[in-house]
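Hello,

Here is the structure I promised to pass on to you. Have a look at it first, and then read on for what turned up in it.

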Amino acid sequence: MKEQNLKKRSSSRLKEQTQKEYAEKDKEEDKSEVFAACGDNNIYVWDLESGQQKILGAPVTLQVWGIEPYKNELCARPKFGKWLGCVAMDTTDDWLVCGGGPSSSLWHLRSLTATTMFDTPGACQQCVMFHDDSIISAGSKGYINHWSVNGEQRMEVPCTPSSVFSLSYNSASNNCKVLSATGNSSKLDIFTNFGYKAFSFTFSQV
């Protein structure tokens, strides 16, 4: 009987410890941050729980990350300005891609250095995302650009809007991933295969 009670206590303690570890892990994974590429040439990051701006993971007051693409020779384009219109983080939180007036560029966050530039002559990128092993961007020309992380342009896919404001894809299904694009058009483009436009939804006043 004593032996059975001892086993029950040990099992209960192990269960409590496991639940505690999972709770701590969930708490760590639930940390939420918002990144914004802004017209004042800076990239800001906020902690959603505290509402504070952050720099390199530490809460601070009125601080920004030390990423200024317009000052970097790799991506500066003075004729288009200093502004930033898009930003995205990869799943490891080690890499950031941003663009706007300066050419879109990939930054290593631990060293705060630009490693890759994505060349779009005559076009400013207004939306960008990481997708699998690629980077997808679009902007002031009617194309969706697919890049490798080393800067090689894999595809330039035509779309309906001549200026793209938003890209989004369905991440809920591994079998039916769908990319959508919207911009200065009444049509919402749908890409069931990311290499071409499948169809468009048209929005009009009734």
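In which strand is Phe 201 found? The answer is strand 16. Before we go further, please keep in mind that this is a predicted model.

**The sheet with strand 16**

Strand 16 belongs to an open sheet of 4 strands, which are paired antiparallel in the order 13-14-15-16. At the edges of this sheet are strand 13 (164-169) and strand 16 (199-202), and each of them pairs on one side only. From one strand to the next, the twist averages 20°.

To see the pairing in detail, go to strand 13 and its partner strand 14 (residues 179-183): the two run antiparallel and are joined by 5 bridges. A good place to look is Leu 167, which stands opposite Ala 181 in strand 14.

Now back to Phe 201. Is it buried, partly exposed or exposed? Its relative accessible area is 42%, so Phe 201 is partly exposed, since that class lies between the limits of 20% and 50%. Phe 201 also has company: together with Phe 199 and Phe 203, it forms a nonpolar patch on the surface. The accessible area of these three residues together is about 320 Å².

**A second open sheet**

There is another open sheet of 4 strands to find, with antiparallel pairing and the order 9-10-11-12. Here the edge strands are strand 9 (125-131) and strand 12 (153-158), each pairing on one side only. The twist in this sheet averages 20° from one strand to the next.

How many bridges join strand 9 to strand 10 (residues 134-139)? There are 6, and the two strands run antiparallel. One pair to pick out is His 131 with its bridge partner Ser 134 in strand 10.

Strand 11 (residues 143-148) holds a residue worth a visit, Asn 145. With a relative accessibility of 5%, Asn 145 counts as buried, because the limit for that class is under 20%. Which residues does Asn 145 touch, leaving aside those up to four places away in sequence? Among them are Thr 120, Gln 125, Ile 135, Ser 137, Gln 153 and Met 155. You can also compare sequence and space here: Asn 145 and Phe 118 are 27 residues apart in sequence, while their C-alpha atoms are 9.5 Å apart.

**Two loops with a positive phi**

Next, please look at the link between strand 7 (104-108) and strand 8 (113-118), a loop that contains Leu 112. The two strands form a hairpin with 4 residues between them. They run antiparallel, and 5 bridges join them; Trp 107, for one, has Ala 114 in strand 8 as its bridge partner. What is special about phi of Leu 112? Its phi is near 55°, a positive value in a residue other than glycine. Leu 112 has a relative accessible area of 25%, so it is partly exposed.

Asp 93 also has a positive phi, near 65°, and is likewise a residue other than glycine. Where is Asp 93 found? Look in the loop between strand 5 (84-89) and strand 6 (95-100). Asp 93 counts as partly exposed, at 48% relative accessibility.

Enjoy exploring!

Best wishes

Terms used: Residues numbered from 1 in each chain as written. Predicted model: local features only at pLDDT ≥ 70, side-chain atom pairs only at ≥ 80, totals over all residues. Heavy atoms only, no water. Pairing = 2+ DSSP bridges. Axes fitted to C-alpha atoms, helices over the stretch in contact; angles between N-to-C directions. Patch = residues over 30% accessible without salt bridge, like charges linked within 9 Å, V, L, I, M, F, W, Y side chains within 5 Å. Areas by Shrake-Rupley, 256 points an atom, 1.4 Å probe, with all protein chains shown as cover. Salt bridge = Lys/Arg side-chain N within 4 Å of Asp/Glu carboxyl O. Buried < 20%, exposed > 50% of the residue type's maximum accessible area, 1.4 Å probe, protein only. Contact = heavy atoms within 4.5 Å.
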